[in-house]
Amino acid sequence: MNATTALLTDHYELTMLQASLADGTAHRRSVFELFARRLPDGRRYGVVAGVNRLLDALERFRFDEQTIAFLADRGIVDQATRDWLAGYRFTGDISGYADGEIFFPGSPVLVVESSFAEAVLLETVFLSILNHDSAVASAASRMTWWAGGRPCIEMGSRRTHEEAAVASALAAYIAGFATTSNLEAARRFGIPSAGTAAHSFTLLHDTEREAFVSQVDALGKGTTLLIDTYDLTEAVKTAIEVTGTELGAVRLDSGDLPSLAGQVREQLDALGATKTRVIVTSDLDEYQIAALAPAAVDGYGVGTSLVTGSGYPTCGFVYKLVAREDADGAMKPVAKKSPDKISIGGRKYALRRRSAAGVAEVELIGVGEPPVDDGDDRELLKPLVEAGKIVGRTTPAESQAHHLKVRDELPRSASQLSRGEPAIPTEYIGDLKARNPFAPRSNI
């Protein structure tokens, strides 16, 4: 993954650069912020993912000879702009919410401080990474919350673009998934991988018994046998005859999962296989996982719904200029006033206000100045890049641990799957005089 990321952008980023270089505004100090104006319907919180991938992309954001030649051949920008791009290196500062952090409407998920020229080029690649990965993580978090400690397995690779599959596996892991089926994600990020056999393996053999024997001989009695290719009751009986009571797990991939899981559990127990786990798959989402909570299920495999954000494949993040240097060298807040697309001018700082018991109460955002910690608050913006040097990388395991910890701060209502307002409100202090434009629409 050493290829340049410089062309993972939109054409107009470069034309804006050319115009601003020509008129002298390109080097004005600027602050861009990445945030969501609202959460998808039915979501009480969002989960940040993709920060480490974003830092990797920033490190490879270089206009090499081939890239400059492409820009010249297409006539996209002039020679002066190409000369500037050839030496491009981001030298500014970036702070943001860490991978695994919770976000709400208006949360300054990313704050980019540099010249206009350096920052404007990063808009598209930053948005594409964080919008995708955070959408997957937001769905995954709801799934793992309702799984209630039962492991979730990411298995959505065949339902999305091959590179999106790798990113999805990482985002799901950050939000609490235990393993992935995707081997490239395992190699690239060190995520635990798992997998056994599909229906085709059973169908390959002359009998189901022969397929089970072959799998157990190859993988051991701790494997997971897929039991719904033919007759379920006969498959469970055959599985235990082949393995004894040491079979690791059985997998159900179709039918009325709650009732079938109960049926299989009873049969396994009657056969003495009380430690054999029951794993269910079959187009699960958070709603089905919640419905399966009382069932005799020990784990879930999730694919399509996970990698598509469970109906919301983007978080709606935007990247907006909120402050810039004026002609006199002073920093000036700037804001967009378009109806339904308003932004708030001024550099933001964020705290999560918590009760004395450690329960999140408010997303507190300072405009132009940091809000004051009353003793129970948690600072949300972490240094990611300082003077062009990447300082904020975390490991997937660290990100997962962080997510599970901060999710536990949320009020219990945050787990609800019905439509409703964000789990906690967003409040602004400091220079802001207007009402909160990111409040629920019913309150505006």
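**Note on the predicted model: a helix pair and two buried residues**

1. Helices α2 and α6 are roughly antiparallel to each other, because their packing angle is about 160° and angles over 145 degrees count as roughly antiparallel. The crossing of α2 and α6 is right-handed. This is a predicted model, and the points below should be read as such.

2. Some detail on that pair. Helix α2 covers residues 51-59, and helix α6 covers residues 123-147. The two axes lie 9 Å apart.

3. Which residues in α2 and α6 meet? On the α2 side they are Val-51, Arg-53, Leu-54, Ala-57 and Leu-58. On the α6 side they are Val-125, Phe-126, Ile-129, Leu-130 and Asp-133. By class, the contact of α2 with α6 has 8 nonpolar residues, no polar ones and 2 charged. Arg counts as charged, and so does Asp; Arg-53 sits on the α2 side and Asp-133 on the α6 side.

4. Next, Arg-352. This residue is found in strand β14, which spans residues 348-354. Is Arg-352 buried or exposed? Its relative accessibility is 0%, so Arg-352 counts as buried; the cut-off for buried is under 20%. The side chain of Arg-352 has a polar partner: it makes a polar contact with the side chain of Glu-101, at 2.9 Å.

5. Val-297 lies in a loop. That loop runs between α13 (286-291) and β11 (299-302). Despite the loop setting, Val-297 has 3% relative accessibility and therefore counts as buried.

6. What is Val-297 in contact with, once neighbours within four places in sequence are left aside? The partners are Arg-150, Ala-261, Val-278, Val-280 and Leu-292. Check these by eye in the viewer.

7. A distance for orientation. Val-297 and Arg-353 are 56 residues apart in sequence. In space, their C-alpha atoms are 37 Å apart. Arg-353 falls within the residue range of β14, 348-354.

8. Finally, the whole protein. It has 444 residues, and buried residues make up 52% of them. There are 15 helices and 19 strands. The C-alpha atoms fill a box of roughly 85 × 55 × 35 Å, taken along the principal axes. Consider contacts between residues at least 6 apart in sequence: 73% of these join residues at least 24 apart.

Note on methods. Residues numbered from 1 in each chain as written. Predicted model: local features only at pLDDT ≥ 70, side-chain atom pairs only at ≥ 80, totals over all residues. Heavy atoms only, no water. Helix = DSSP H or I, 4+ residues; strand = E, 2+ residues; numbered from the N terminus. Buried < 20%, exposed > 50% of the residue type's maximum accessible area, 1.4 Å probe, protein only. Contact = heavy atoms within 4.5 Å. Polar contact = N/O pair within 3.5 Å; in protein donor to acceptor, adjacent residues only side chain to side chain. Axes fitted to C-alpha atoms, helices over the stretch in contact; angles between N-to-C directions. Parallel < 35°, antiparallel > 145°, perpendicular 65-115°, else oblique. Left-handed = near helix turned anticlockwise from the far one by under 90°.
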